[in-house]
Amino acid sequence: MIVRVIATAGHVDHGKSTLIEALTGSHPDRLAEERRRGLTIDLGFASTDLPSGERLAFIDVPGHERFVPTMLAGVGSVPAVLFVVAADEGWMPQSAEHLAAVDALGVRHALLAVTRCDLADPGPATAQALERIRSSTLGDVEAVAVSARTGTGLVELRAALGRLAAQLPDGDPESPVRLWIDRAFGVRGSGLVVTGTLGAGRIRRGDVLVTARTGRRVRVRALQALGEETDLVRATARVAVNLRDLDKESTGRGDALLTPESFLPSLRCDVRLRGGTPAAALPRTAIAHIGSAAVPVRVRPLGADVVRLALPAPLPLRIGDRAVLRDPGLRRVLAGVEVLDPQPPELLRRGSAARRAAELGDARGTPDEAAELRRRLLVRRGELTAMGVTVRTAPVAGDWLADPAHWTALRARLAELVTAYISRRPTEEGMPLEAARHRLGLPAVSLVEALVTPPLRLSRGRVTVGTAALPVAVADAVDRLTEELVRRPFAAPHAQQLVELGLGRRELAAAVRHGAVLQLAEHVVLLPDAPALAADRLSELDQPFTVGTASRALDTTRRVTVPLLEHCDGQGITELLPDKRRRCAPRGRLAPVDTPAG
């Protein structure tokens, strides 16, 4: 069954609750005090079936000026209102404030019911109300004159409600749940029950949700939709949720039940004003009505119509959320606001507020992936999704998303940094990844690694240039080493001689990385062609041969011969035999060699 949810609105004592009773057969006032005083002071609920087969759920709100916060808690989660004006009184102060609240919330669907038409001609009140409503977000609405006492107009009102219900948007059942709680109460033997309007998502018996106020995980014990037990509720619906492991003191109106890991807690948000008081004229503190929550906020103007709200406790906000700023002292609506950024950056430097306002100049409160990437430059996929943005871009590394232009600029900047680093430190292999991350201001080393493309390359935790030439000073030292080894290619210089040639520890490491020299042991350095030259000389010996025989053939000492032969073993040039002698490996299969016994 399709369920539509609408709230009432209008001045006190204009017959909202009486009209709901006439439509549904159930009086929405729950409290004994309400019935005794004949005054709605809290939210009431009732429902009826429409001829179309849809079920219509009403949230009846109080009309007295003292209970506007309660009224806003009821209207904050619904897409439509039944605006009630009495024919015998016409437009009244709370009619205006309720309309201002509805307009601030951006509600776009409504029906005007002019009640008590048996007591006065409904024409003047209808014309006056339609004129006032037309200037709000509701625009032109249908109007029906009705008398709950005589029943006049009830048939027409039901038909009009059916037409209104047909215009309402369907809630997305695949979206995450954010159920703003408008009532919480205990049931003997069952525990805590909370109620709210499910505008999106679905809730099943047994689901695990989290509370926005504490982040506590709770399990759904049972569900009711419009008083009927059910195992599954899909948006849109009025729902009562019986929760395990939660008491009334831990939650209540203004809290919300959320799909785990689908919302980010917001302690500040940047918003655009929608009508009402200009940013510069707003008081520095106000009450923000968001969903069913009413919280004091600090207001900081950023631009002509952009302000930052600082919240006393985190709320699960998304881009595009609508809220009302209200002055509790003067009891008036200050402005409507639309959330542009529920996770804004801190403003720390002089002029940052104006720059932030300019940055948000084209933001319209509609989740837009490209626009968010341009503003944020780098952001985690889950963070963007939690703000209500549909993500289609592939991550650049892990779950990191990047603005394409910013990513291109980072890659160019990395190349500049690496080139400059190598020029200042020619003996080092390249720029350490962590140093590059710090210089680029990136939050993770994995992002630096993802930026590395030819001619850059990664090597042992550093970023280097693959085509980089051997530094001049190192090349000169290699040339001097080559001159030393021309006549005796296996007479490796000792450590001090290497230093005198210009091959200190760093220079030697650079020469080895570039393949300019072959380092066989800590202080055994030859030219790269030494193994091939050794193969030629050793192949002329009687096979197999000993280390001493090889040393004499190569005109060097055991200091050089042992690591050289071990290197040749590894290259397949020579083979170590069980008796510790060696033989040269001819092309193809090695020939068997007799080894002496003992």
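**Exercise 1. Classify Leu226 by its accessibility, and describe its backbone and its place in the chain.**

Solution. Leu226 has a relative accessibility of 25%, and because buried means under 20% and exposed over 50%, Leu226 counts as partly exposed. The structure is a predicted model. The next step concerns the backbone: phi of Leu226 is near 55 degrees, a positive value in a residue that is not glycine. Finally, Leu226 belongs to the loop that runs between strand E11 (217-225) and strand E12 (228-230).

**Exercise 2. Carry out the analysis of Exercise 1 for Lys580: is this residue buried or exposed?**

Solution. The relative accessible area of Lys580 is 61%, so the residue is exposed. Its phi is near 75 degrees, again a positive value outside glycine. Lys580 is located in the loop between strand E29 (574-576) and strand E30 (582-584).

**Exercise 3. Describe the overall dimensions and composition of the protein chain.**

Solution. Begin with the radius of gyration: the chain has 39 Å, whereas a compact globule of 598 residues would have a value near 25 Å. Next, consider the box filled by the C-alpha atoms, which is roughly 125 × 55 × 40 Å along the principal axes. The secondary structure amounts to 18 helices and 30 strands. Of the 598 residues, 49% are buried. As a last step, take the contacts with a separation of 6 or more: 66% of them are between residues 24 or more positions apart.

**Exercise 4. Determine how helices H1 and H6 are oriented and which residues bring them together.**

Solution. The axes of H1 (residues 16-24) and H6 (residues 154-167) come within 11 Å and cross at roughly 85 degrees. This angle falls in the range of 65 to 115 degrees, so H1 is roughly perpendicular to H6. On the H1 side, the contact uses Leu19, Ala22 and Leu23, which meet Leu154, Leu157, Arg158 and Leu161 of H6. Sorted by class, these residues comprise six nonpolar, no polar and one charged.

**Exercise 5. Analyse the packing of H16 and H17, then characterise the peptide bond between Gln543 and Pro544.**

Solution. The axes of H16 and H17 are 10 Å apart, and the helices pack at an angle of about 110 degrees. H16 is therefore roughly perpendicular to H17. Ala534, Arg537 and Leu538 of H16 form the contact with Ala550, Ala553 and Leu554 of H17. The classes are five nonpolar, no polar and one charged. Turning to the peptide bond, Gln543 and Pro544 are joined in cis, with omega about -10 degrees. Pro544 lies in the loop between H16 (530-538) and H17 (547-554).

**Exercise 6. Locate the cis peptide bond that involves Thr236.**

Solution. The bond joins Ala235 and Thr236, and its omega is about 5 degrees. Thr236 is part of the loop between strand E13 (232-234) and strand E14 (237-243).

**Exercise 7. Which residues of the largest nonpolar core touch the most other members, and which elements build this core?**

Solution. The core contains 34 residues, of which Met71, Val75, Phe83, Leu112, Ile133 and Leu138 touch the most other members. Two or more residues come from each of strands E1 (3-9), E3 (55-60), E4 (80-86) and E5 (109-115), and likewise from helices H3 (68-75), H4 (93-104) and H5 (122-134). Val75 serves as an example: with neighbours within four places in sequence set aside, it contacts Ala7, Thr8, Val61, Val81, Val102, Leu105 and Val107. Another core, of 29 residues, lies apart from this one and includes Leu258, Phe263, Cys269 and Val295.

**Exercise 8. Explain why helix H8 is described as largely enclosed, and identify what covers it.**

Solution. H8 (residues 369-376) has eight residues, six of which are buried, so the helix is largely enclosed by the rest of the structure. The buried residues are Glu369, Ala371, Glu372, Leu373, Arg375 and Arg376. Their cover includes E21, helix H7 (352-359), strand E22 (378-380), helix H9 (381-386) and strand E23 (400-402).

**Exercise 9. Place Gly329 in the structure and classify its accessibility.**

Solution. Gly329 lies in the loop between strand E20 (322-327) and strand E21 (332-341). With 63% relative accessibility, Gly329 counts as exposed. Its C-alpha is 9.2 Å from that of Ala286, although the two residues are 43 apart in sequence.

Notes: Residues are numbered from 1 along each chain as its sequence is written. This is a predicted model: local features need pLDDT of at least 70, side-chain atom pairs count only at pLDDT 80 or more; totals for chains, interfaces and linings use all residues. Side-chain values use heavy atoms; hydrogens and water are left out. Axes are lines fitted to C-alpha atoms, for helices over the stretch in contact, and angles run from 0 to 180 degrees between N-to-C directions. Helices (H or I, at least four residues) and strands (E, at least two) are DSSP runs, numbered from the N terminus. Angles under 35 degrees count as roughly parallel, over 145 as roughly antiparallel, 65 to 115 as roughly perpendicular and the rest as oblique. Contact means heavy atoms within 4.5 Å. Ala, Val, Leu, Ile, Met, Phe, Trp, Tyr, Cys and Pro count as nonpolar, Asp, Glu, Lys and Arg as charged, and the others, Gly among them, as polar. A nonpolar core is a set of buried Ala, Val, Leu, Ile, Met, Phe, Trp, Tyr and Cys residues joined through side-chain atoms within 4.5 Å. Buried means under 20% relative accessible area, exposed over 50%, partly exposed in between (1.4 Å probe, protein chains only). The radius of gyration is taken over C-alpha atoms; the globule rule is 2.2 Å times the number of residues to the power 0.38.
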